[in-house]
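The paragraphs below walk through a structure by way of its strands, a helix, its nonpolar cores and its charged pairs. Please keep the coordinates open while reading.

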Amino acid sequence: MADTTTPLETARLRLRPFTVADVDAVYAYHRLEEVARYQYWQPRSRDEVAAEVAKWLEHEAAAQAPDVITFAVTLNDSGALIGDMVLLFRDVAARQGEIGFTFNPAHAGQGYATEAAHAVLDFGFGQSGLHRIFGRCDARNTPSWRLMERLGMRREAHFREHAVFKGGWDEEFYYAMLSREWADLRRGAN
Ligand SMILES: CC(C)(COP(=O)(O)OP(=O)(O)OC[C@H]1O[C@@H](n2cnc3c(N)ncnc32)[C@H](O)[C@@H]1OP(=O)(O)O)[C@@H](O)C(=O)NCCC(=O)NCCS
């Protein structure tokens, strides 16, 4: 079983489990319209963020293999929390995972989300033994699909008007990466 308590370290970041003390830092960006726009939620109140973080803490406390792992993304130098990442285990038998990311726009444009997602893919394909990891986003969410392309994920699908999202038709991209593709990319990077 993957160790979900040991932080993941990167050059600039530490991805660690959430604590109750993180509520205000998460509220600082989950309250923003620009952050909620393409999510399945509306801008959150502080109470809603507290309830959400409480859910993440429950996942962390799950004794058996969790079906979701959340990561608080913090800066190495200041310890500031700049975003949250999630890895969902969607199909245990087929070892399929889904990645998700939400960052504070105050820290956008510096490659932090890419660096954090890289660590989560390493974790997912490494210790978690996943075979395929996918990510979904609204087709209008350019920063999100560009991030998945930077990671080397392939666009596998564009679902056109397949659902209703926040009062309009939903246009959704699916991106994915196989374990062996990630290994090839990592080998190329070394
Ligand atoms: C999706 C999201 C995480 C992407 O954030 P981001 O700031 O674009 O991504 P990064 O932190 O990886 O930064 C990438 C940018 O930094 C630049 N950059 C600077 N230094 C870099 C480095 N060392 N490595 C990689 N990129 C770097 C890149 O060129 C890129 O800039 P560009 O957008 O002008 O091309 C962010 O937009 C977000 O949280 N959105 C709101 C929530 C949301 O919609 N989540 C997705 C739901 S599906």
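Is Arg 46 buried, partly exposed or exposed? With a relative accessibility of 37%, Arg 46 counts as partly exposed, because that value falls between the limits of 20% and 50%. The model is a predicted one, and this applies to everything that follows.

Arg 46 is also a useful starting point for the charged contacts, since side chains of opposite charge can pair when their charged atoms come close. The side chain of Arg 46 forms a salt bridge with that of Asp 24, at a nitrogen-to-oxygen distance of 2.6 Å. This contact links distant parts of the chain, for Arg 46 belongs to helix H3 (residues 46-61) and Asp 24 to helix H1 (residues 23-30), with their positions 22 residues apart in the numbering. Asp 24, at 46% relative accessibility, is likewise classed as partly exposed.

The helix that holds Arg 46 can be described further. H3 comprises 16 residues and spans 22 Å from its first C-alpha to its last, close to the 22 Å expected at 1.5 Å a residue. Its buried residues are Val 49, Glu 52, Val 53 and Trp 56, and, seen down the axis of H3, these fall within an arc of 95°, so they line one face of the helix. The general background is that an α-helix has 3.6 residues a turn, so residues three or four places apart point the same way. The face of H3 turned away from the buried side carries the exposed residues Asp 47, Glu 58 and Ala 61. On the buried side, the packing partners of H3 are H1, S3 and strand S4 (81-91).

S3 leads on to the strands. Strand S1 (residues 8-9) and strand S2 (residues 13-16) run antiparallel and are joined by two bridges, with a hairpin of three residues connecting S1 to S2. Within this pairing, Leu 8 stands opposite Leu 15 in S2. S2 also pairs in the antiparallel sense with strand S3 (residues 68-75), over four bridges, and here Arg 14 has Thr 74 of S3 as its bridge partner.

Which residues touch the most other members of the largest nonpolar core? In this core of 36 residues, they are Leu 15, Phe 71, Met 85 and Ile 99. Several elements supply at least two residues each, among them S2, S3, S4, strand S5 (96-103), S6, helix H5 (142-150) and S10, while the largest share, eight residues, comes from helix H4. Leaving aside residues up to four places away in sequence, Leu 15 touches Pro 7, Leu 8, Phe 71, Ala 72, Val 73, Ala 116, Ala 119 and Val 120. A second core of 13 residues is separate from the largest one, and its members include Tyr 29, Val 35, Val 49 and Ala 72. Val 49 has already appeared among the buried residues of H3.

Beyond the pair of Arg 46 and Asp 24, a search of the whole structure finds 18 salt bridges, and two further examples deserve attention. The side chains of Arg 136 and Glu 172 meet at 4.0 Å, nitrogen to oxygen, in a contact between strand S6 (residues 132-138) and strand S10 (residues 172-178), whose two partners are 36 residues apart. Arg 136 is partly exposed at 28% relative accessibility, whereas Glu 172 is buried, with a relative accessible area of 6%. These two residues also take part in a network of salt bridges that links Arg 90, Glu 98, Arg 136 and Glu 172.

In the other example, the side chains of Glu 181 and Arg 154 form a salt bridge at 3.0 Å, nitrogen to oxygen. Glu 181 lies in helix H6 (residues 179-189) and Arg 154 in strand S7 (residues 154-159), so the pair ties together parts that are 27 residues apart in sequence. Glu 181 is partly exposed at 25% relative accessibility, and Arg 154 is partly exposed with a relative accessible area of 31%.

Two backbone details complete the walk. Glu 161, in the loop between S7 and strand S8 (164-165), has a phi near 45°, a positive value in a residue other than glycine, and Glu 161 is partly exposed at 44% relative accessible area. Lys 166, in the loop between S8 and strand S9 (168-169), has a phi near 50°, again positive in a residue other than glycine, and Lys 166 counts as partly exposed at 38% relative accessibility.

Definitions and conventions
Residues numbered from 1 in each chain as written. Predicted model: local features only at pLDDT ≥ 70, side-chain atom pairs only at ≥ 80, totals over all residues. Heavy atoms only, no water. Buried < 20%, exposed > 50% of the residue type's maximum accessible area, 1.4 Å probe, protein only. Pairing = 2+ DSSP bridges. Expected span 1.5 Å × (residues − 1). Arc of directions from axis to C-beta. Contact = heavy atoms within 4.5 Å. Core = buried A, V, L, I, M, F, W, Y, C linked by side-chain atoms within 4.5 Å.
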